[in-house]
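Trainee: I am new to reading protein models. Could we go through one together, feature by feature?

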Amino acid sequence: MPIEIDQSTEEGLADRNWEWGSALPVVIFRRIQEPGGEMRYVWLSQAAQRLFGDKGALQALPGVLAAVHWADREQLAKAIADSAQRLETSQESFRAISPSGEVIWLDGAAKPERRDAGGIVWQGMWFDVSEGKRVHQRLDLILGHASDAIILIDEAGVMQMVNAAVCEMFGYETDELVGRPVAMLMNRHDQERHAGYINRYLISGQAMKLGQGARELMARRKDGGQFPLDLAVNEVRSDGKLYFIGIGRDVSSRKATEARLEFLAYHDVLTGLSNLTKFRADFDRLLVERKESGQPLNLLSLGIDGFSFINSTLGHHVGDSVLKAIALRLQTLAGPEALVARVGGDRFFVLLPDVAPKRLISDRVERLLRGMKEPLSAEEQEFELSGSIGVAVWPRDGADVDSMIRHAEAAHEQAKSLGPGSVQIFTKELGEKGAKTLGLQSRIRRAIENQEFIAYYQPQVDLQSGAIVGMEALVRWFTPEGPIPPVEFIPIAEEFGLIDPISEVVVMAVCRQLKEWKAKGIACVPVAVNISWRQFRNPRRLLASLDEALSATGIDPALLEIELTESSAMQDIEQAIATIRMLNERGLSCAIDDFGTGYSSLSALKRFPIQKLKVDRSFVIDLDRDANDAAIVNAIIAMAHALKLKVVAEGVETESHLRFLRELGCDTLQGYLFSPPVAPEKVEGFLKEGKRLEA
Ligand code: C2E
Ligand code: CA
Ligand code: CA
C-alpha cells in the first residue's frame, strides 16, 4: 500500500494512476509547496517506507530532509527552490540514510506545476541507484589509488577518462588531458606509430594492433621529460562503441635496476670487463657470423704468474688493484677489436679476431706478454709481473665455444707448467690430455662410491736413533688397469671438488688403523695425513670430518698430524693460521709440507703455530751434487731450529743423502732409503719388529 500522508487534500488522495508504482524500487512522490513556502510530501509510494522508515518520520518535509545525507541537503534544497522559481523540472540526486544507517543513492526528477490553490505541486520519482553508485564509487577508489596509469581512449585516440596516477606520472591536471589526443603523452617516435594505428583503424576498422599484451614505449611528461612506460592496451566495447583501456606503468626505476642487474650479470665488478657469460655469448655470436667465411678467431687464456702470492702476502686490496691495472693494460694491448674478459681470479680471456696465424704469436701474443712484464704500480708499490698464455685457434682447434675454451685452457695449463712468461699453443696431444682429465673425473667419483681409495704408510725415522718416529699416510688407488698415482688424480679431484671425500676416507682409515694397533698392543707413532689447500679453504668441513674420525675411533689426537703444503698455507695466511690454531686446540699437530717450493717469508712462517717443516724432495735429490741445494737445506734447517721446529727431509734415497743430512743436523728422514710407502700390514710388521735405520 502506498503511504498516504495527507488525505485531506485532493493531491493527497490515492490515485489509481500511482498505484502501479507502489511495488517498484522507485519512490514516486507528490510534493507541495504552500504559498507560504512550507513544503510537504502528500504522497509517497510504498518504496519510501523501506528507504525513509515509517510514516511518522515522513510527516513533513523535515522528515524527508532528515533522511537526506547532510552533505547533500543544501544542494537538494537548492535544486527544489530553483525548480519552484523557474517552474522547470528539478533534477534530484542525493544520498539518503535508511533507518538502519545504510546509504542509499537516489536519482530522479520532479516536474513542478502551479496549484490552483496557490503554491506548487511536484510529481516526481527517485530511483534507487545505490548499486550502480557503489560500483562507481569503488571504481573511483580503485582508479584514484591505483599506482598504474589508467586511461580510457575512444576510437579516435581521444582520452575519455584518466585516473590520478596519469596526472601524477605525466604532470598534467585531469582537465588538461580529458578530451585531448592520447598521442600527447608519447614521444615523437611512438606518436607517429600511434597515428598510423589510428589511421588504419579509421580506414579499415583494423584496430587490434594497438592492444594485445604489454609493450614498452617512451612516454613524455608535460615538462618534456621522457620515461619508459610498460603499456597494456585492451579493447572494450560499450554501447556499441569501441574504446581502449590503456594501463601503463612507469618502469624507469625498474629499467635502472634492470640495467644494473644486467651489467652485474654480464660484467666483472672489479675490472668492469665482460665476465665469462658475456664473453661466451659474444664469442658465440662471432662464430655464427664467421661460419661462412671461416676466418680465424684466436682465443687466448691468460693468467698472471704467481698472483696468489700477491694476494696472500700483500692482501686482497693490493691484489685487486693489480688486477684492475692488468685489466686496463690488456684492453689497451689487445686493441679495440678484441674482446677481453675476466673469467675468474687472475684469469682472463682475450679473443683476437682477424689476426693472421703467422703474426699471432710473433706479433700479438708476444706484445701481450711483453706488456705484462712492464713494471706496474698499484697501491704505491711497484710490481714486475709476468703472464702465461694458452692459445686456441678457431676453427682449427675447436668447432664451438665450449671446445675452444676447453682447449685454450688446456694450453694455458701447459704454459703455466713451462714456467713464468710462457706461451703454449693448443695441440692434439693436449686435447687428448683434456679428454683424459674428464674421463678420470668420473672414474674418481665412482672410485669414491666403491671405496677404492686406501691408505699406504711411509715410515719416518729419527736420524740419531734410527727408530721409526712417525709415518705419512699416502693415498693409493689400485685399478684393474694398474695403480693410478696421486699426482695424476689428486689435482683433478681438487679441481672437481672431490678431494674432501678422498681425504675423509684416508683420515678415517688412519684413525681406525691406529685404534687397531693400539688394541693389538703395538707401540704407535704419530701418523701424518695430507690436507689439500682446497680443504683448508673450507675448514668447517675439514674440522667436522676430523672430529668425527677422532670421536668414532677414540684415538689420541696427538697421534694425528696434519700436513699442509707451503704454497697452500701462503695462499691465505690469516685463514691458514686460524685453521691451524683450531687443529692445535684439538691436540693435532701440524707440519708444513714441500717446504722451500713456496715463497714463504720468514715473518709469515714465524706466525704459523706449527711443529714441523718438511724439506721438499727437490732439494734433497741434488743435495750431494748441488752446493746451492745444500746451502738451502742448511739454511732451512737452521731457520727451523731457530723457530723450534723439527725438520723432516723427504725423498731420501741414498746413503750420500743421509750423510749430508746428518751433517746438517736434520732431525728426521723419510724416503726410499728406509722404506717406500707400504701397505698397512707391512708397516705393522716394521713396528712389531722394531725396524731401524742402520747406523
Ligand atoms: P707428498 O705429500 O710430498 O708425498 C710424498 C711423496 O713422495 C709421495 O708420493 C711418496 O711416495 C714420494 N716419496 C717418498 N719417498 C720418496 C723417495 O725416496 N723418492 C721419491 N722419488 N719419492 C718419494 P705419492 O704417494 O705419489 O704422493 C704424491 C703427492 O700426492 C703427495 O706428495 C701429496 O701431495 C699427494 N697426496 C698423496 N696422498 C694424499 C692424500 O691422502 N691426500 C692429499 N690431499 N694429497 C695426497
Ligand atoms: Ca706430504
Ligand atoms: Ca712433500
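Trainee: How are the donor residues of the calcium ion (ligand 3) spaced in sequence?

Mentor: The spacing of these donor residues reads D-D-x55-E. Keep in mind that this is a predicted model. Now put names to the letters. The donors to the calcium ion (ligand 3) are Asp-593 (OD), Asp-594 (OD) and Glu-650, which is listed with OE twice. They coordinate the ion at 2.2 to 2.4 Å.

Trainee: Which protein donors hold the calcium ion (ligand 2)?

Mentor: Glu-472 (OE), Asn-530 (OD1), Glu-563 (OE) and Asp-593 (OD) are the protein donors here. They lie 2.1 to 2.2 Å from the calcium ion (ligand 2). Their spacing along the sequence is E-x57-N-x32-E-x29-D.

Trainee: Which residue bridges the calcium ion (ligand 2) and the calcium ion (ligand 3), and how far apart do they lie?

Mentor: Asp-593 is the bridge, and the two ions lie 3.9 Å apart. Next, place the donors on the chain. Asn-530 sits in strand E22 (residues 527-531) and Asp-593 in strand E24 (residues 589-595), so this pair ties together parts that are 63 residues apart in sequence.

Trainee: Is Asp-593 buried or exposed?

Mentor: Use relative accessible area for that. Under 20% is called buried. Asp-593 has 5%, so the residue is buried. Compare two other donors. Asn-530 is partly exposed at 29%. Asp-594 is partly exposed too, with 25%.

Trainee: Let us turn to ligand 1. Which residues come nearest to ligand 1?

Mentor: There are 21 residues around ligand 1, and Gln-458, Arg-476, Arg-617, Glu-653 and Tyr-672 come nearest. Then look for polar atoms that pair up. A polar side-chain atom of Glu-653 is 2.6 Å from a nitrogen atom of ligand 1. An N or O atom in the side chain of Asp-593 lies 3.0 Å from an oxygen atom of ligand 1. For Glu-472, a side-chain N or O atom is 3.2 Å from an oxygen atom of ligand 1.

Trainee: How much of ligand 1 does the protein bury?

Mentor: Start with the ligand alone. It exposes 790 Å², and the protein buries 85% of that.

Trainee: Which element gives the most residues to the shell around ligand 1?

Mentor: Strand E20 gives the most, with four residues. E20 spans 468-479. Helix H15 (486-495) and E24 also each supply at least two residues of the shell. Remember that E24 is the strand that holds Asp-593.

Trainee: Now for salt bridges. What is the idea behind them?

Mentor: Side chains of opposite charge can pair when their charged atoms come close. In this model the count comes to 28 salt bridges. Take Glu-176 and Lys-222, whose side chains meet at 2.7 Å, N to O. This pair links distant parts of the chain, 46 residues apart. Glu-176 is in the loop between helix H6 (164-170) and helix H7 (188-204). Lys-222 is in the loop between strand E9 (214-220) and strand E10 (226-238). Both are partly exposed: Glu-176 has a relative accessible area of 26%, and Lys-222 has 45%.

Trainee: In the salt bridge between Asp-397 and Arg-396, how far apart are the closest N and O atoms?

Mentor: They are 2.9 Å apart. Check accessibility as well. Asp-397 is buried at 9%, whereas Arg-396 is exposed at 56%.

Trainee: Which side chain meets Asp-622 in a salt bridge?

Mentor: Arg-625 does, at 2.9 Å, N to O. Asp-622 is partly exposed at 25%, while Arg-625 is exposed at 63%. Salt bridges can also share partners. Those that do so here join Glu-472, Glu-563, Lys-614 and Glu-650 into one network. You have met some of these names before: Glu-472 and Glu-563 are donors to the calcium ion (ligand 2), and Glu-650 coordinates the calcium ion (ligand 3).

Trainee: Last feature, the surface. Which residues form a nonpolar patch there?

Mentor: Leu-261, Phe-263, Leu-264 and Val-269 form the patch, and together they have about 360 Å² of accessible area. Pick out Leu-264. Leu-264 belongs to helix H8 (residues 252-266) and is partly exposed, at 34%.

How values were computed
Residues numbered from 1 in each chain as written. Chains lettered and ligands numbered in written order. Predicted model: local features only at pLDDT ≥ 70, side-chain atom pairs only at ≥ 80, totals over all residues. Heavy atoms only, no water. Donors = N, O, S within 2.8 Å, 3.2 Å for Na, K, Ca; no water. Buried < 20%, exposed > 50% of the residue type's maximum accessible area, 1.4 Å probe, protein only. Patch = residues over 30% accessible without salt bridge, like charges linked within 9 Å, V, L, I, M, F, W, Y side chains within 5 Å. Areas by Shrake-Rupley, 256 points an atom, 1.4 Å probe, with all protein chains shown as cover. Salt bridge = Lys/Arg side-chain N within 4 Å of Asp/Glu carboxyl O. Near = heavy atom within 4 Å. Polar contact = N/O pair within 3.5 Å; in protein donor to acceptor, adjacent residues only side chain to side chain.
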